[in-house]
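Colleague: Take one part of this model and go through it closely for me. I am interested in the metal site and whatever surrounds it.

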Amino acid sequence: MPAAPLRETRIAHIGIAVDSLEAILPFYRDLLGMPEVPLGDSDGARITGLAAGDALVELLQPERADSPIGKFLAKRGPGIHHICFKVDDLDGTLARCLDAGHRLIDQVPRLGAEGKRIAFLHPASTAGVLIELTEY
Ligand code: CO
């Protein structure tokens, strides 16, 4: 059995692919009252964060059609793109997922939009959901 994590796994953010940040931002910010959180661009997408307690909604608008979000929008249309969990031990969690047969998109963690290390798991081995892991 792996050692029990020191901190519980939580939702870090939910990534939503959108055609236009400007068009949907008033819904979350003004109607739902979620404060805007400045975030850098990442993976060819402009990102606007909105706080829901400890978690964020990240609105992802592609800057290029050939970016991951651009391809997702072309194929599936706007909608939930991925869910990000923050885990106590990112490297250990990735190693356990790999050992258990899950497909990793990122074999090695890289820097995400929030300035923390992240890694994606392939949806083929996670019930169709693109999962991003990050650390505290
Ligand atoms: Co993300």
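Modeller: First, a term. A pocket here is an open set of grid points where a 1.4 Å probe fits, with protein on both sides within 12 Å along at least five of seven lines; its lining residues have an atom within 4 Å of a point. The model is predicted, so treat what follows as computed from predicted coordinates.

Start at the metal. Which residues coordinate the cobalt ion? The donors are H13 through NE2, H82 through NE2 and E132 through OE. Their distances run from 1.9 to 2.1 Å. Along the chain the donor residues follow the spacing H-x68-H-x49-E. H13 sits in strand 1 (residues 10-17) and H82 in strand 5 (residues 79-87), so this pair ties together parts that are 69 residues apart in sequence.

Are the two histidines buried or exposed? The cut-off for buried is under 20% relative accessible area. H13 has 3% relative accessibility, so H13 counts as buried. H82 is buried too, because its relative accessible area is 5%.

Now the space around the site. How much of it lies in the largest pocket? The volume is about 730 Å³. The lining of this pocket has 35 residues. Those nearest the centre are H81, H82, F120, L130 and E132. Strand 1, strand 3 (45-52), strand 4 (55-62), helix 2 (68-76), strand 5, strand 7 (117-121) and strand 8 (131-135) each give two or more residues to the lining. H82 and E132 thus link the topics: they are near the pocket centre and they are cobalt donors. By residue class, the lining divides into 16 nonpolar, nine polar and ten charged.

Next, follow the strands that carry or flank the site. L56 lies in strand 4. At a relative accessible area of 10%, L56 is buried. What does L56 touch, apart from its neighbours within four places in sequence? Its contacts are A12, H13, I14, V37, L39, L50, A51 and E114. One of these, H13, is a donor to the cobalt ion. By contrast with those contacts, the C-alpha atoms of L56 and S42 are separated by 15 Å, at 14 residues apart along the chain.

G79 is in strand 5, the strand that holds H82. G79 is partly exposed, because its relative accessible area is 22%. Leaving out residues up to four places away in sequence, G79 touches G15, I16, A17 and F72. Its C-alpha is 18 Å from that of D66, which lies 13 residues away along the chain.

Strand 5 leads into a loop and then helix 3. D88 is in that loop. D88 counts as buried, because its relative accessibility is 18%. Where does the side chain of D88 reach? At 3.0 Å it reaches the backbone nitrogen of L6. The D88 side chain also makes a polar contact of 2.9 Å with the side chain of R7.

Helix 3 covers residues 90-99, and L90, G92, T93, L94 and C97 are buried there. Its buried residues pack against strand 5, strand 7 and strand 8. Those three strands each give two or more residues to the pocket lining. Take T93 within the helix. T93 is buried, because its relative accessibility is 13%. Beyond its neighbours within four places in sequence, T93 is in contact with V87 and L133. After the helix comes G101, with a positive phi near 95 degrees.

Two other positive phi values deserve a check. Most residues other than glycine have a negative phi. D43 is not a glycine, and its phi is about 55 degrees. D43 is in the loop between strand 2 (36-38) and strand 3. With 38% relative accessibility, D43 counts as partly exposed. A127 also has a positive phi, near 55 degrees. A127 is in the loop between strand 7 and strand 8. A127 is exposed, with a relative accessible area of 79%.

Back to the site, then. The cobalt ion is held by H13, H82 and E132. Both histidines are buried. H82 and E132 are among the residues nearest the centre of the largest pocket.

Definitions and conventions
Residues are numbered from 1 along each chain as its sequence is written. This is a predicted model: local features need pLDDT of at least 70, side-chain atom pairs count only at pLDDT 80 or more; totals for chains, interfaces and linings use all residues. Side-chain values use heavy atoms; hydrogens and water are left out. Donors are N, O and S atoms within 2.8 Å of the metal (3.2 Å for Na, K and Ca); water is not among the atoms, so sites may look incomplete. Helices (H or I, at least four residues) and strands (E, at least two) are DSSP runs, numbered from the N terminus. Buried means under 20% relative accessible area, exposed over 50%, partly exposed in between (1.4 Å probe, protein chains only). On a 1 Å grid over the protein atoms alone, a cavity is a set of points where a 1.4 Å probe fits but cannot get out, and a pocket is an open set with protein on both sides within 12 Å along at least five of seven lines; lining residues have an atom within 4 Å of a point. Grid points are joined across faces, edges and corners, and a volume is the space filled by probe spheres set on the points. Ala, Val, Leu, Ile, Met, Phe, Trp, Tyr, Cys and Pro count as nonpolar, Asp, Glu, Lys and Arg as charged, and the others, Gly among them, as polar. Contact means heavy atoms within 4.5 Å. A polar contact is a pair of N or O atoms within 3.5 Å; within protein, one must be able to donate a hydrogen and the other to accept it, and residues adjacent in sequence count only if both atoms are side-chain atoms.
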